[in-house]
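Student: I should like to work through this protein with you, beginning at its surface and then turning to its interior. May we look at it together?

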Amino acid sequence: MSTEPRLAEVAEPEPAQQAAPGTDQAVKETLEDYTLRFAPRSYRRWTPMVVATTALGGIAYMADFSIGAGIGLAHGTGNALLAIAVAAVVIFVTGFPLAYYGARYNIDLDLITRGSGFGYFGSVITSVIFASFTFIFFALEGSIMAQGLKLGLGLPLWLGYLVSTLMVIPLVIYGMTALSKLQVWTTPIWLLLMVGPLVYLVATDPGTVDRFLAYAGTDGDGGINTASVLLGAGVCLSLIAQIGEQIDYLRFMPPKTEANKRSWWTAVVMAGPGWVVLGALKQAIGVFLAVYIIAEVGASAAPEPIQQFKGAFDAMMPSWLVVPLAVVLVVISQIKINVTNAYSGSLAWTNSFTRVTRRYPGRMVFVLVNLGFALALMEADMFSFLNGILGFYSNCAIAWVVTVATDIGINKYVLKLSPHAPEFRRGMLYAVNPVGVVSFVAASGLSIAMYFHALGDTLQPYSPVAAAVIAFALTPLMAVVTKGRYYLRRTDDGIAEPLLDEDGNPSAVTYECHVCRQQFERPDVAACRTHDAVVCSLCLSTDKVGDHVLPAAV
């Protein structure tokens, strides 16, 4: 007879999950936007299109214009456009399974990574990589805003860096509730200011298109060169981790049903992997504006978005409006993306810290940590060596995302060696799963060695390709070699109620955690080892002695 804990009784679903007065601060804070948790149905009140609009608001960053300009200036328009296209295809294909899992099962990319080949502690390293992505791009966007404030208000760059950092703190404190309103209301203004100048220049001066297409770059002769395309694609692929920020919003998608399946899929594709379509267009626009600025002003200003849009606005409106509008565009863009960077980065840092130390210090602590790293990068003038930073970083990001995407697409659906339903709870997973960890370490390590010319100058441009190919090949190979035995430490969480309802959505049945006394939906709880009760995922994570953690299955 089994001695495993099992609960058959369930509580009736409640209309909302709210923290009770006097509850521990960690519980109160994580119930605002479910910082480290499954996002319950009771909280997910937004329509698919509101979630999609909010998620797409997070890609309003100006860095794409700088990235495109940098690639175009170095390698020419033809190579730049091909590089942008290659990167976009890779990002879309790898982002699709991740976006689907985040939206379908209402968990963020870290929780997906845990059960998709890395294990409970194995995914800590990828959380740190994602956190690094957020502060690198926060610093990049902050630098661009500081350039705008210098042009418009005469602020010195160091002060502009500080202003761009501090201004997002009030906005990021309140999580998804505040962010959804900010993104929805600012997106139309941002789109108008971004697209208007491009349409005007093409319509009034068709010669700008000819100059754009003919631009050869400083390192090329105008012809297509494989090495140049791959070097440019490597820089663009540093953005592959952006899917993590998209999933931070997509996890709040409503359940998928027959009634909403069309709008549900549209929102998931558009705001998930579809973000890269707009991103690629922005990079191409960055090349176009850089070539235009070279002809009008000079090469020195071409990579700076504030100068690109100042030049474009100058051609279409009175001079007294040019600088104010350019500054408004930059400031809106910076706020839209950097509240997302600060928010997502704080989630990643908090996730890692809580698992390693079994303490929850509060998400706000890591908002400040992330902003501190970003401010240090800005003061170090990271903008001047942007492509070098992004080219190096992309190797790690590609290895991680391709590993997780391959585990979902191949190991789950083709080989069926990885559990179909995602798992993230402590006690249910092994600490480390060699499938993802070995694949990631091998792919990122070898590609980084190639990037730094360790395998010769000829192979150096191919480092992003190596990262993707090695991760794609090793992930299923490791699953076959290990026979999938390191995914689940146990398959039974001690609760009779199924994890998924009849439509395949996470169950909305609620239970009370006997540690924090809060109501949580079925996927966020497991039976307690020492009590005839259930424990929520955060209380399991912070259990220092393991009293509540279920034993490994015999």
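Student: In this predicted model, which residues form a nonpolar patch on the surface with about 470 Å² of accessible area together?
Tutor: The model is predicted, not experimental in origin. The patch lies on the surface, and its members together have about 470 Å² of accessible area. The residues are Leu-446, Leu-455, Leu-459, Tyr-462, Val-465 and Val-469.

Student: Does Leu-455 count as buried or partly exposed?
Tutor: Leu-455 is found in the loop between helix H19 (434-451) and helix H20 (463-482). Buried means under 20% relative accessible area, and exposed means over 50%. Because its relative accessibility is 42%, Leu-455 counts as partly exposed.

Student: How many disulfides does the structure hold?
Tutor: A disulfide requires two cysteine sulfur atoms within 2.5 Å. For Cys-516, the nearest cysteine sulfur belongs to Cys-513 and is 3.7 Å away, so Cys-516 is in no disulfide. For the structure, the number of disulfides is zero.

Student: Is Cys-516 buried or exposed?
Tutor: A second, separate core of 18 residues includes Cys-516, along with Tyr-360, Cys-513 and Cys-539. Because its relative accessibility is 13%, Cys-516 counts as buried.

Student: Which helix gives the most to the largest nonpolar core?
Tutor: That core has 135 residues, of which Leu-98, Phe-137 and Trp-400 touch the most other members. Among the residues that Trp-400 touches are Leu-109, Phe-130 and Phe-440. With 15 residues, the helix that gives the most to this core is H16 (residues 319-357).

Methods
Residues numbered from 1 in each chain as written. Predicted model: local features only at pLDDT ≥ 70, side-chain atom pairs only at ≥ 80, totals over all residues. Heavy atoms only, no water. Patch = residues over 30% accessible without salt bridge, like charges linked within 9 Å, V, L, I, M, F, W, Y side chains within 5 Å. Areas by Shrake-Rupley, 256 points an atom, 1.4 Å probe, with all protein chains shown as cover. Salt bridge = Lys/Arg side-chain N within 4 Å of Asp/Glu carboxyl O. Helix = DSSP H or I, 4+ residues; strand = E, 2+ residues; numbered from the N terminus. Buried < 20%, exposed > 50% of the residue type's maximum accessible area, 1.4 Å probe, protein only. Core = buried A, V, L, I, M, F, W, Y, C linked by side-chain atoms within 4.5 Å. Contact = heavy atoms within 4.5 Å. Lists of a residue's contacts leave out its neighbours within four places in sequence.
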